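Please walk through this model from its strands to its helical core. The structure is shown first, and the explanation comes after it.

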Amino acid sequence: MKRGNAPLLIFILILFGFSLWVILPGNGIFGRDDFKLGLDLSGGSHLVYSIDLTKKDPAQTDADVIEGVKNKIERRVNAYGVTEPIVQTIRNERGSFVLVQLPGVKDIDEAIKLIGQTAELDFREMELDASGRLVFDETGKPKFTAVAKAKGSDGQERELTGKYLKPNAQVVLEPQTNKPEVAFEWNEEGAILFEQITQRNLQKPLGIYLDGEPISWPTVQSVIKERGVITGLNLEEARTLAIQLNSGSLDVPLTVVERRDIGATLGEDSLRKSLMAGIIGSAMVVLFMIAYYRFSGFVACLALVVFVALNLAIFKLIPVVLTLPGIAGFIVSIGMGVDGNVLVAERLKEELRRGRTLGAAVEESFRQSWSAIFDANVTVFIACAVLYWLGNTFGNFLVIGFATTLFIGTALSMFTQVVVTRTFLRTFVGLGVARRPGAYGVLKQ
């Protein structure tokens with residue numbers, strides 16, 4: 001065995017064992033969750049919203065409004081516990097859009113309700129009669145009819161809405177009573193407005209409304225500027241209110257322009273057929289490699305097993321959301337791994353025909369193949385980068401999935417082609433396994 005090969009062999013075996021441990025079903029420890037499946041495989045809802053930028057505040061740029069809409073939708077989706085959601089903005093000649101994909105959300109009407117189209121968070125002051133007394137509705141609750149307004153930093157009167165709230169409202173416990181409270185924080189403009197509003201509403205309730213529906217009406221205990229807390233809630237009420245405050249209000253109206261639900265049944269069928277195609281294709285490759293290149297083909301197949309294990313482990317650890325095109329990218333990367341091994345095996349046969357010893361032929365075959373392997377893989381890296389950019393620009397996540405898995409697979413295939421295959425060959429040659437040229441597919445002259 002070549003000096004220095006043993007530590008490398010041990011490293012590869014440890015890496016392979018760790019990869020198997022990650023791949024096997026586990027209990028969520030260190031990445032041992034199930035593979036993350038994309039919308040096309042797990043089912044869910046697909047929505048595209050058109051952003052009406054004609055209704056934006058003139059002081060805001062289009063880019064700021066679009067980014068704000070995206071962030072608020074992400075917070076709403078995340079707050080309700082949807083796993084692996086995709087929220088992406090798209091800008092083209094037809095306008096500006098937000099694409100939302102919600103794996104696992106089967107009811108598309110529920111998805112639309114969850115995201116909200118024009119959810120508006122505002123604050124309202126109590127209605128007083130001519131003598132300054134509270135006006136109650138038919139249920140006996142105070143009526144909040146006036147949206148709270150105050151002068152902003154530029155002297156102009158503005159309504160106090162959720163867009164001035166920082167998205168960091170959270171449930172905290174009051175140190176003395178240990179009762180839950182909702183801590184909230186305003187941005188600079190919101191602090192200016194809220195100070196004036198709390199000043200004139202001291203010891204009075206202030207209504208908090210979401211889409212015109214009251215969600216809370218806490219009593220103002222003191223003048224508040226940047227930060228404050230809402231008390232008098234139980235834990236569940238506090239949690240719900242924190243989510244509602246963080247959801248904020250959208251700066252511009254959204255319109256649903258595309259809606260469709262994707263059934264999990266279709267995804268399961270596609271996944272089953274894809275895996276079957278991958279297994280059949282891999283088996284044919286293994287048979288060809290062993291039949292044509294004999295022992296070097298067998299070693300290449302061992303390296304491919306390591307490659308597949310490493311690849312799947314990385315998919316779990318990152319994690320990579322697997323879509324059908326993503327699986328296709330993974331299978332194509334297996335082909336890239338085979339391609340490099342074919343180059344090495346052909347060079348090895350040529351060197352053996354020239355009469356080199358087996359050990360020298362192995363080293364020379366890798367040295368001569370390296371430039372071709374490098375060029376081929378760099379070309380694929382460039383193609384992946386272009387595909388990823390195009391997919392990201394036009395909001396096509398299927399293309400992004402293909403580019404991502406192909407990039408990861410190609411990078412790992414370089415490692416297995418150059419390091420794993422060579423280490424295995426050096427090991428077997430050093431141990432005296434398969435010494436005859438015929439074992440490598442070299443026929444007698």
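The paragraphs below take up the strands, some backbone angles, the nonpolar core, a cavity and the cysteines. The model is a predicted one.

Begin with strand β10, residues 180-185. This strand is mostly covered, with 6 of its 6 residues buried. P180, V182 and F184 point one way from β10, while E181, A183 and E185 point the other way. The residues on either side are all buried, and they include the glutamates E181 and E185.

Strand β10 has partners in β9 and β13. Strand β9, residues 170-173, runs antiparallel to β10 and is joined to it by 4 bridges. Within this pair, V172 stands opposite E181. The other partner is β13, residues 227-230, which is also antiparallel to β10 and joined to it by 4 bridges. Here A183 of β10 faces V229 of β13.

What lies between β9 and β10? The two strands form a hairpin, with 6 residues separating them. N178 sits in this loop and has a positive phi near 65°. Most residues other than glycine have a negative phi, and most peptide bonds are trans. Is N178 buried or exposed? Its relative accessibility is 54%, so N178 counts as exposed, the cut-off for that class being over 50%. The residues of β10, by contrast, are buried.

A second positive phi is found in a helix. R294 lies in α7 and has a phi of about 55°, although this residue is not a glycine. R294 counts as partly exposed because its relative accessibility is 39%, a value that falls between the limits of 20% and 50%.

Next comes strand β5, residues 121-125. All 5 of the 5 residues in β5 are buried, so this strand is largely enclosed by the rest of the structure. Its two faces are both covered: L121, F123 and E125 lie on one side, and D122 and R124 on the other. Strand β6, residues 146-147, pairs with β5 in antiparallel fashion through 2 bridges. In that pairing E125 stands opposite A146.

D122 of β5 also has a contact in space with a distant part of the chain. The C-alpha atoms of D122 and G162 are separated by 5.9 Å, with their positions 40 residues apart along the chain. G162 belongs to the loop between β8, residues 157-159, and β9. This glycine counts as buried because its relative accessibility is 3%, and buried means under 20%.

Another buried strand residue is V87, in β3, residues 86-92. The relative accessibility of V87 is 9%, so V87 counts as buried. V87 and V48 are 39 residues apart in sequence, and their C-alpha atoms are 9.7 Å apart in space.

Turn now to the helices. In soluble globular proteins, nonpolar side chains tend to be buried together. The largest nonpolar core in this model has 37 residues. Inside that core, L352, F424 and Y440 have the most contacts. The helices α1 (5-23), α7, α8, α9 (358-394) and α10 each supply at least two of its residues. Which helix gives the largest share of this core? That helix is α7, with 12 residues.

The search of the whole structure finds 1 cavity of 30 Å³ or more, and the space in the largest cavity is about 50 Å³. The elements that give two or more residues to its lining are α7 (264-317), α8 (324-353) and α10 (397-430). Helices α7, α8 and α10 also supply residues to the largest nonpolar core. The lining of the cavity consists of S296, A300, N341, V344, A345, L348, T421 and L425. Helix α8 gives the most to this lining, with 4 residues. By type, the lining divides into 5 nonpolar and 3 polar residues, with no charged ones.

The cysteines come last. A disulfide is a covalent bond between the sulfur atoms of two cysteines. How many disulfides does the model contain? The count comes to 0, under a rule that asks for a pair of cysteine sulfur atoms within 2.5 Å. C301 counts as buried because its relative accessibility is 9%. C384 counts as buried because its value is 2%.

Technical notes. Residues are numbered from 1 along each chain as its sequence is written. This is a predicted model: local features need pLDDT of at least 70, side-chain atom pairs count only at pLDDT 80 or more; totals for chains, interfaces and linings use all residues. Side-chain values use heavy atoms; hydrogens and water are left out. Two strands pair if DSSP finds at least two bridges between them. Buried means under 20% relative accessible area, exposed over 50%, partly exposed in between (1.4 Å probe, protein chains only). On a 1 Å grid over the protein atoms alone, a cavity is a set of points where a 1.4 Å probe fits but cannot get out, and a pocket is an open set with protein on both sides within 12 Å along at least five of seven lines; lining residues have an atom within 4 Å of a point. Grid points are joined across faces, edges and corners, and a volume is the space filled by probe spheres set on the points. Ala, Val, Leu, Ile, Met, Phe, Trp, Tyr, Cys and Pro count as nonpolar, Asp, Glu, Lys and Arg as charged, and the others, Gly among them, as polar. A nonpolar core is a set of buried Ala, Val, Leu, Ile, Met, Phe, Trp, Tyr and Cys residues joined through side-chain atoms within 4.5 Å.
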